[in-house]
Amino acid sequence: MSSLVLPNAVISAADVPSRGWLACDYFFFDERFVEARRLAGELCGAIEPTPVQSDITAIWTGGLARADFTAPMTMKGVTTESFYFCLKILLVDQVRVDAQVSRIDRDLHLWTIRTDNHFKNGTVSWQNFSRLV
Amino acid sequence: MAELLPPGVNAETMAETLERFRQIVGKEWVFTGEQVVSYHDPYPISNDDTRYKAHAAVAPSSTEQVQEIVKAANASGVPLWPVSRGKNFAYGGAAPVFSGSIVLDMSRMNRILEVNEKFGYALVEPGVSYFDLYNYLHAHGLKLWLDVPDPGWGSVLGNALDHGVGYTPYGDHFMMQCGMEVVLANGEVVRTGMGAMPGNNTWQLFKYGFGPYVDGIFSQSNFGIVTKMGIWLMPEPAGYRPYMITFEREEDIAEVIEILRPLRLNNVIQNAATIRSLVLDAAISSTKSQYYSGAGPIPDSVARKIMADQAIGMWNFCGALYGPPPIADALWTVIRDAFAKVPGARFYFPEDRKRRPDILIHRAETMRGIPKLTEFNFLNWAGGGGHIGFSPVSPTTGIDALKQYRMVSGRVREYGFDYMGLLAIGFRELHHVTVIVYDKTSADERQRLDKLFKLLVQEAAAEGYGEYRTHIQYMDAIAGTYKWNDNALMKMHQSIKDALDPKGILAPGKSGIWPKHLRDGRQP
């Protein structure tokens with residue numbers, strides 16, 4: 001697990017772990033920040049990145065909460081911390097989660113959350129979250 | 001870090017207790033080792049890594065399992081820290097006051113047992129979240145509204161027990177609870193109010209039953225574990241119209257509160273409305289770095305720029321009108337005319353707000369009971385993501401509001417933080433909730449916050465202002481300020497604790513209430 005803090009670092013695709021980085025099911029970026037837009041363009045791979053502005057509510061209640069978690073899923077993002085934190089906590093109510101996050105400047109975090117298909121009954125949960133950052 | 005054991009419990013006893021728990025709930029619902037990390041406070045303040053850490057967690061699925069767990073804990077002396085969903089993150093999350101405790105995680109007990117549209121109530125278990133209950137009402141087309149706090153993932157039951165507040169006319173959650181089921185420390189189950197009568201059909205309709213009203217002693221307490229609770233729900237009104245009034249100057253808060261008090265007491269202002277400060281509202285849609293790159297709190301020039309950019313004031317009053325349009329129109333006329341006396345006051349309805357995200361558009365949803373997580377946006381204001389609430393209560397007077405504001409904002413800024421406060425308007429009192437956002441990764445900042453918080457508690461108490469709720473780290477400090485007549489109230493709490501939980505296994509230290517064997521060196 002990494003919780004590396006890189007204040008004011010310049011991150012590019014070449015700097016992030018290569019294994020699996022270009023494959024994900026969702027890529028979220030905070031459209032208010034130039035750096036997030038740039039990194040989204042570099043790191044989202046083949047999928048269309050999803051613009052957000054910190055608030056997870058609409059993304060979650062608008063569909064992600066009803067996603068099929070029976071198969072493992074990978075989500076990535078360049079967002080504020082609260083978006084990452086809220087998504088992580090919501091997911092662990094559904095599935096087991098492995099999360100990695102790096103702070104890249106005052107506002108933004110670069111993160112990956114992987115889910116697997118354990119404990120997907122939606123009844124419990126976040127205690128399955130074994131790698132809280 | 002080695003797993004912590006509570007004082008007086010050895011490793012063998014702990015292991016035997018956990019094994020008994022596995023027999024009760026199944027081995028997959030007892031959590032140890034790395035799994036316990038998820039029960040840590042995500043926004044810790046203490047730099048002592050041994051404080052507020054659970055040893056393990058157990059997740060029952062029924063009242064019967066809770067009974068068996070309590071009996072086993074009583075036999076071994078292992079302390080439990082019950083949580084409903086453990087998402088009260090500004091106050092410690094699922095973390096215990098007393099390190100080495102086993103978290104009793106009731107998030108699996110998430111049944112909505114009854115929703116009654118005719119009488120407007122629900123009976124729920126601890127694991128039911130606001131999202132769960134809202135989705136249930138929506139899916140069944142029921143004409144009932146929830147009252148929600150800011151985080152929609154919280155427990156309906158847990159929030160009421162912790163004296164949480166929301167934003168509709170049903171905003172005082174504990175006022176709206178009716179009837180409990182409680183597991184006592186000896187494993188016995190009690191139903192309160194009318195629920196004590198076999199065959200009674202008014203458990204969720206009439207609070208008091210016969211004899212002493214005891215529900216209150218199970219709120220913010222460690223006297224029992226609430227496993228069911230009734231909550232009153234608001235009938236969907238015939239109309240709904242949210243509004244926002246902004247005020248330009250810091251000192252306007254005094255006049256605003258004087259205008260507001262009679263309107264609230266007379267129910268012209270119908271809901272648990274709030275007046276929020278500039279930065280708190282700005283942080284819903286922006287971060288500090290978008291306006292200011294300097295150190296410390298933002299200067300006045302930056303505050304003015306934010307006000308202009310976002311069409312918000314130094315103070316922003318969000319309220320709503322509920323009921324048939326002719327009634328709402330009449331109420332609005334009174335409210336508008338009253339606040340128009342404040343120079344610079346501006347009036348908005350949602351259709352007037354063009355920017356997105358926007359504070360009124362956001363609050364328009366919470367004031368109609370739609371659960372959200374939007375409020376977490378403010379954690380991003382300065383980066384670093386930690387937050388804590390300082391929440392003294394004062395009378396609804398302009399003098400008190402301005403005094404409170406100046407006391408708290410002055411100290412908060414002196415310690416290098418921006419003032420992010422709100423005044424939640426009760427019928428006769430203000431909850432002045434100041435959110436202090438800090439960098440949770442900075443040991444220095446956490447230490448500075450700790451000093452600030454202790455100072456705020458002392459200074460508020462010296463002026464007669466007491467906090468209504470607090471983070472686990474400050475429960476002793478806050479309890480210590482309620483010390484009238486040689487700590488008579490705490491002594492009474494301790495007497496109840498000793499009678500109901502003589503071995504002290506339920507949530508030691510909750511609200512400053514410690515069992516007898518752990519009181520040495522603690523007040524009173």
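The following conversation goes through a predicted model and asks what stands behind some of the terms used for it.

Visitor: What confidence scores come with this predicted model, and what is the average pLDDT of chain B?

Guide: The model scores ipTM 0.94 and pTM 0.94. Chain B averages a pLDDT of 96, on a scale from 0 to 100, and 99% of its residues score at least 70.

Visitor: How do you know whether the radius of gyration of chain B agrees with that of a compact globule?

Guide: The globule rule takes 2.2 Å times the number of residues to the power 0.38, and for 524 residues this comes to a radius near 24 Å; chain B has 23 Å, so the two agree. Along its principal axes, the C-alpha trace of chain B spans about 70 × 55 × 45 Å. Buried residues make up 61% of this chain, and of its contacts with a separation of 6 or more, 74% are between residues 24 or more positions apart. The secondary structure of chain B consists of 13 helices and 20 strands.

Visitor: Why is B:Gln270 called buried?

Guide: The term applies under 20% relative accessible area, and B:Gln270 has 16%, so it is counted as buried. Its place is in the loop between α5 (252–265) and β13 (274–277) of chain B. Leaving aside neighbours within four places in sequence, B:Gln270 is in contact with B:Pro169, B:Arg264, B:Ala320, B:Leu321, B:Tyr322 and B:Leu331.

Visitor: What makes the approach of the B:Gln270 side chain to the backbone nitrogen of B:Tyr322 a polar contact?

Guide: The cut-off for such a pair of N or O atoms is 3.5 Å, with one atom able to donate a hydrogen and the other to accept it. A polar atom of the B:Gln270 side chain lies 2.8 Å from the backbone nitrogen of B:Tyr322, which is within that limit.

Visitor: How do you know which strands pair with β13(B)?

Guide: Two strands are said to pair if there are at least two bridges between them. β13(B) has 4 bridges to β14 (residues 315–322) of chain B, running antiparallel, and 3 bridges to β18 (residues 421–425) of chain B, also in the antiparallel sense, so both count as partners. Within these pairings, B:Ile275 stands opposite B:Phe317 in β14(B), while the bridge partner of B:Thr274 in β18(B) is B:Ala424.

Visitor: What makes both faces of β13(B) covered?

Guide: On one side B:Thr274 and B:Arg276 are buried, and on the other B:Ile275 and B:Ser277 are buried.

Visitor: Why does B:Val256 count as buried, and what is it in contact with?

Guide: B:Val256 has 1% relative accessibility, against a cut-off of 20%, so it counts as buried. This residue lies in helix α5 of chain B and, apart from neighbours within four places in sequence, is in contact with B:Phe247, B:Ile275, B:Phe339 and B:Val342. The C-alpha atoms of B:Val256 and B:Phe317 are separated by 9.2 Å, although the two residues are 61 apart along the chain.

Visitor: Why is helix α9 (residues 359–366) of chain B described as largely enclosed?

Guide: The description holds because 6 of its 8 residues are buried, namely B:Ile359, B:Leu360, B:His362, B:Arg363, B:Ala364 and B:Thr366. These buried residues pack against β12 (240–247), β13, α6 (278–282), β14 and β15 (346–348) of chain B. At the start of α9(B), a side-chain oxygen of B:Asp358 comes within 2.9 Å of the backbone nitrogen of B:Leu360.

Visitor: In the sheet with the order β5-β6-β10-β8-β9 (chain B), what makes β5 and β9 edge strands?

Guide: This open sheet of 5 strands is paired antiparallel, and β5 (112–116) and β9 (189–191) of chain B each have a single partner strand, so one side of each is left without a neighbour in the sheet. The twist averages 10° from one strand to the next. Helix α3 (residues 130–139) of chain B packs on the sheet, touching β5 and β6 (121–124), and its direction makes about 50° with that of β5(B). Elsewhere in the order, β8 (residues 177–183) and β10 (residues 225–232) of chain B pair antiparallel over 5 bridges, with B:Val182 opposite B:Val226 in β10(B).

How values were computed: Residues are numbered from 1 along each chain as its sequence is written. Chains are lettered from A and ligands numbered from 1 in the order in which they are written. This is a predicted model: local features need pLDDT of at least 70, side-chain atom pairs count only at pLDDT 80 or more; totals for chains, interfaces and linings use all residues. Side-chain values use heavy atoms; hydrogens and water are left out. Helices (H or I, at least four residues) and strands (E, at least two) are DSSP runs, numbered from the N terminus. Buried means under 20% relative accessible area, exposed over 50%, partly exposed in between (1.4 Å probe, protein chains only). Contact means heavy atoms within 4.5 Å. Axes are lines fitted to C-alpha atoms, for helices over the stretch in contact, and angles run from 0 to 180 degrees between N-to-C directions.
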